[in-house]
Amino acid sequence: YGSVLFVPTGGVEPGNMKDYLGFKSVFAVGGTWIAKDTMISAGKFDEITKLAREAVILALGFEFAHLGLNEPDEKKAKADVETMTRLFSFAPKDGTSSIFAGTGFEFTKAPGLGGHGHLAISTLGIHRAIAYLKRKGVGTKPETAKEKDGKLIAVYLDTEVAGFAIHLLQR
């Protein structure tokens with residue numbers, strides 16, 4: 001059933017929701033813990049709202065992925081990666097436009113977006129994250145979208161924090 005998408009509802013709870021959403025074949029999940037019959041009957045709508053908001057954040061699964069630092073050129077990027085490797089034994093990984101020191105630090109071979117660089121945030125559902133952020137008034141830069149096998153895997157937001165661009169990564 002490789003092309004079928006599922007929406008599990010039985011047995012889903014906050015403790016295992018991210019596990020379910022980590023499967024590519026799971027489109028969404030449902031859980032009765034958000035609005036139990038007893039909560040509805042008792043009129044505990046503030047509690048239901050709180051639980052629903054918590055479920056949204058859990059479903060998004062935002063996590064820090066890496067810090068990208070803008071370098072003026074490849075020579076400076078290599079030098080800084082060598083320093084990080086020497087000091088902390090982070091394994092270097094050379095890419096087309098940047099070099100990683102371990103998984104947490106990316107040094108660009110030329111200046112990129114953001115005055116200082118970028119913050120990469122991973123998410124369990126990049127399309128859900130984009131919709132969530134749009135409701136908060138934050139858009140994306142469509143020209144930065146990257147796809148793999150026809151699916152969106154990364155995109156920059158139209159907002160910076162402390163001189164850092166932000167991009168979402170599909171986990």
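## Surface and charge

Accessible areas are obtained with the Shrake-Rupley method and a 1.4 Å probe, and for residues only the protein chains shown count as cover. In this predicted model, where local features need pLDDT of at least 70, side-chain atom pairs count only at pLDDT 80 or more and totals for chains, interfaces and linings use all residues, the accessible surface of the protein chain comes to about 10,700 Å², of which 59% belongs to carbon and sulfur atoms. Residues are numbered from 1 along each chain as its sequence is written, and side-chain values use heavy atoms, with hydrogens and water left out.

With Lys and Arg counted as positive and Asp and Glu as negative, while His and the chain ends are not counted, and with each charge placed at NZ of Lys, CZ of Arg, CG of Asp or CD of Glu, the mean positions of the 21 positive and 19 negative charges are 2 Å apart.

## Overall fold

The protein chain has 5 helices and 8 strands, these being DSSP runs numbered from the N terminus (helices H or I, at least four residues; strands E, at least two). Its radius of gyration, taken over C-alpha atoms, is 20 Å, well over the 16 Å of the globule rule for 171 residues (2.2 Å times the number of residues to the power 0.38), so the chain is more spread out than a compact globule.

## The β6–β7 hairpin

Strand β6 (residues 140-148) pairs with strand β7 (residues 151-161) in the antiparallel sense over 5 bridges, where pairing requires that DSSP finds at least two bridges between the strands. Glutamate 147 stands opposite leucine 152 in β7; the two strands form a hairpin with 2 residues between them, and aspartate 149 in the turn has a positive phi of about 55 degrees.
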